[in-house]
Amino acid sequence: MTLADTLQTSFRTVLSYRIRSLLIVLAMALGVASVVVLTALGDGARNYVINQFSSIGTNLLVVLPGRAETSGSFLGAVLGQTPRDLTLKDAQLLGRLPQVRRYAPLNVGAAELSAVNRLREVTVLGSNADLIPVRHMQLAQGSFLAHGTERNAQIVLGAKIAREFFPRSQAIGQRVRLGDSRFIVSGVLASQGESMGFNTDEIVIIPIDYAQQMFNTTSLFRILIEAKSHNDIEPAKRAILAALKQSHDGEEDVTVITQDAILATFDRILHTMTLAVAGIAAVSLIVAGILVMNVMLVAVNQRTAEIGLLKAIGATSSDIRRLFFAEAVWLSFAGAVFGSLLGQLGSLMLRLAYPQLPAWAPVWASIAGVLVALITGIAACLWPANQAARLDAVQALSKR
Amino acid sequence: MIRLNAITRTFHMGDQVVHALNDINLVITSGEYVSIMGPSGSGKSTLLNIIGLLDRPDSGRYELDGRLVTDLPEIEQARIRREKIGFVFQSFHLVPRLTAAENIELPLILSGVPQEQRQIRVDEALQAFELKQRAQHRPAELSGGQRQRVAIARATIMRPSVILADEPTGNLDHQIGAEVMTLLENLHHSGTTLIIVTHDRELGARAHRQIAMRDGKILTDQSDDTR
């Protein structure tokens, strides 16, 4: 029996058992599709997080005051340490380090913003002119806080705030009141939406001195630092720690987080998660493989007389084995192809439903899904095909 | 030429040993028309299966056309079945999901005959057995006589030298059975060795040589002189 005839004959057998074949192909296809869609989801989440992190700045380092994060507690006192604040002086000191391109000190608080008979509570960010480049923010109109003029009573509004307070008129140049102080609107931020849990559309930014005055504090929430290049990130981190240790009387009471380290950690976690869901989905493929085995065993049993006849008219055992084998190959192949298409369709629908999620199945996952489907389907058929080949012709023929 | 020499075949039924064939010696020359008769359990079907290489004897020698075939490997035996032997069964044994034409085509596919030649030969066979109108029908849509005609067409499509028929009319009524017998006898007239297993005396009597079996042994072996 030629290979082409074997394939053709078994293909027609597959077609003639229409419902049975359809169900197996469906089971296989769902297995493959779930591998594709779940890895698309996992990889999409990974890329989403990485994009988010990249969007907050490049070569970014964040300096947090040591354990003063949990302010109000007596942790420092209990441990016999002096919780030392990060100050504006510290920030200026770091700004002079050779590895540092620019820095932006940050203070965060809440205050009432009022103008033209409107009033609402807003999140107030105190910073300097370099916040825009450090944090990759964009202005829609006007200008940001001017360099070296931190004393000027300027305020920059988030896109939504600007829209709410000045729906019809130009926001630039308007006078507003924040807390007890008066400010002049110098710029409006471009709408960027949510980014790392911080909706920049609903904040206002004022010079750091005003913020410290308003919230009656000399300590900083954190300092954002941009290193000169990617290679300067680690040296910058060491230099920052050294400089602050020196100025804090030899105590290392700050934490420096590099964007790179966070990124690498998230990348690792989410990659592992993608692998895990792919593995779970692969289990369904193995279930489909067992289904193929079951169906093929039933088929051998059902077609016993036919197998006997084939032997009587001159089929060898390997002809019979190949026929059943080819049948499983067709079923698995159809399942794999159909499943890949289904998976791509599923990923497309995910991308349409959640445009911010780049849910593309990685190439390795698509290939692995198809391969696992083919391998399990074929492996599952080895035993039934052998059973068929080993049937005794006389006994098989006598079975009605 | 079929030459059987001291063929035995035993089956084990539980702890009982059944001698289906007990020291059978038989020579059938090419072109003979032989009927093998006997009650059920006499070993006549086992004999047919051994001659058709579907079953292997426990001991003894079997020569087909001068070649010892008893100990040939499975692949070689399959090839001989394909090329030299045609089987006709009582229950037809057609593949239910294939059309009449496709059933007839099966031995050609197994032999690796190219598609175009298969087409021609199947057409010829359909013509010869008056099945042209029924070529695209499945077995379930055919009458008993038509089914057996398809089965005979399939058995002869490879132009075998031996046709082995096991109760070929057992599932057919008398008239249709007679028609089928005529077809088989026509094959014999064109030179094919025809061996028919039956327990129908009338049918057996049509053959030129009649072998009666009982308990795995040949009881009588008569030849008509009118042949």
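How many salt bridges does the structure hold over all chains? The structure, which is a predicted model, holds 26 salt bridges over all chains. Three of them are described below, followed by a surface patch, two helix pairs and several individual residues.

## Salt bridges

| Salt bridge | Closest N to O distance |
|---|---|
| A:Arg120 and A:Glu164 | 2.9 Å |
| B:Lys84 and B:Asp65 | 3.2 Å |
| B:Arg209 and B:Asp221 | 2.8 Å |

In chain A, a salt bridge is formed between A:Arg120 and A:Glu164, with 2.9 Å between the closest N and O atoms. This pair links distant parts of the chain, since A:Arg120 belongs to strand β3 (residues 118-127) of chain A and A:Glu164 to helix α6 (residues 159-165) of chain A, 44 residues apart. A:Glu164 has a relative accessible area of 30% and is therefore partly exposed.

In chain B, B:Lys84 forms a salt bridge with B:Asp65, and the closest N and O atoms are 3.2 Å apart. B:Lys84 is in helix α2 of chain B, while B:Asp65 is in the loop between β4 (59-64) and β5 (67-68) of chain B, so the salt bridge ties together parts that are 19 residues apart in sequence. Helix α2 of chain B spans residues 74-84. B:Lys84 counts as partly exposed because its relative accessibility is 31%. B:Asp65 is also partly exposed, with a relative accessible area of 36%.

The side chains of B:Arg209 and B:Asp221 likewise meet in a salt bridge, at 2.8 Å from N to O. Here too the pair links distant parts of the chain: B:Arg209 lies in strand β9 (residues 209-214) of chain B and B:Asp221 in strand β10 (residues 217-223) of chain B, 12 residues apart. At 9% relative accessibility, B:Arg209 falls under the 20% limit and so counts as buried. B:Asp221, by contrast, is partly exposed, with a relative accessible area of 38%. In chain A, salt bridges that share partners join A:Arg120, A:Lys160, A:Glu164 and A:Glu202 into one network.

## A nonpolar surface patch and helix α2 of chain A

Which residues make the nonpolar surface patch of about 490 Å²? The patch is made by A:Ile19, A:Leu23, A:Leu26, A:Leu30 and A:Phe338. Helix α2 (residues 18-55) of chain A gives the most to this patch, with four residues. A:Phe338 is found in helix α11 (residues 317-353) of chain A. The relative accessibility of A:Phe338 is 36%, and A:Phe338 therefore counts as partly exposed.

Helix α2 of chain A also packs with helix α12 (residues 363-390) of chain A, at an angle of about 155 degrees and with the two axes 9 Å apart. Angles over 145 degrees count as roughly antiparallel, and α2(A) and α12(A) are therefore roughly antiparallel to each other. The crossing of these two helices, α2(A) and α12(A), is right-handed.

## A helix pair in chain B

Helix α3 (residues 100-110) and helix α5 (residues 144-156) of chain B pack at an angle of about 25 degrees, and their axes are 7 Å apart. This angle makes α3(B) roughly parallel to α5(B). The crossing of α3(B) and α5(B) is right-handed.

## Individual residues

Two residues of chain B have a positive phi although they are not glycine. For B:Ala6, phi is about 50 degrees. B:Ala6 is placed in strand β1 (residues 2-13) of chain B, and B:Ala6 is partly exposed, with a relative accessible area of 30%. For B:Glu167, phi is positive and near 50 degrees. B:Glu167 is found in the loop between β7 (162-166) and α6 (174-189) of chain B. Is B:Glu167 buried or exposed? At 10% relative accessibility, B:Glu167 counts as buried.

B:Lys84, already described as a salt-bridge partner of B:Asp65, also has a contact distant in sequence. B:Lys84 and B:Pro160 are 76 residues apart in sequence, and their C-alpha atoms are 4.1 Å apart in space.

In chain A, A:Leu113 is placed in strand β2 (residues 100-115). A:Leu113 is buried, with a relative accessible area of 0%. The C-alpha atoms of A:Leu113 and A:Thr123 are 9.4 Å apart in space, and the two residues are 10 residues apart in sequence.

Key: Residues numbered from 1 in each chain as written. Chains lettered and ligands numbered in written order. Predicted model: local features only at pLDDT ≥ 70, side-chain atom pairs only at ≥ 80, totals over all residues. Heavy atoms only, no water. Patch = residues over 30% accessible without salt bridge, like charges linked within 9 Å, V, L, I, M, F, W, Y side chains within 5 Å. Areas by Shrake-Rupley, 256 points an atom, 1.4 Å probe, with all protein chains shown as cover. Salt bridge = Lys/Arg side-chain N within 4 Å of Asp/Glu carboxyl O. Buried < 20%, exposed > 50% of the residue type's maximum accessible area, 1.4 Å probe, protein only. Axes fitted to C-alpha atoms, helices over the stretch in contact; angles between N-to-C directions. Parallel < 35°, antiparallel > 145°, perpendicular 65-115°, else oblique. Left-handed = near helix turned anticlockwise from the far one by under 90°.
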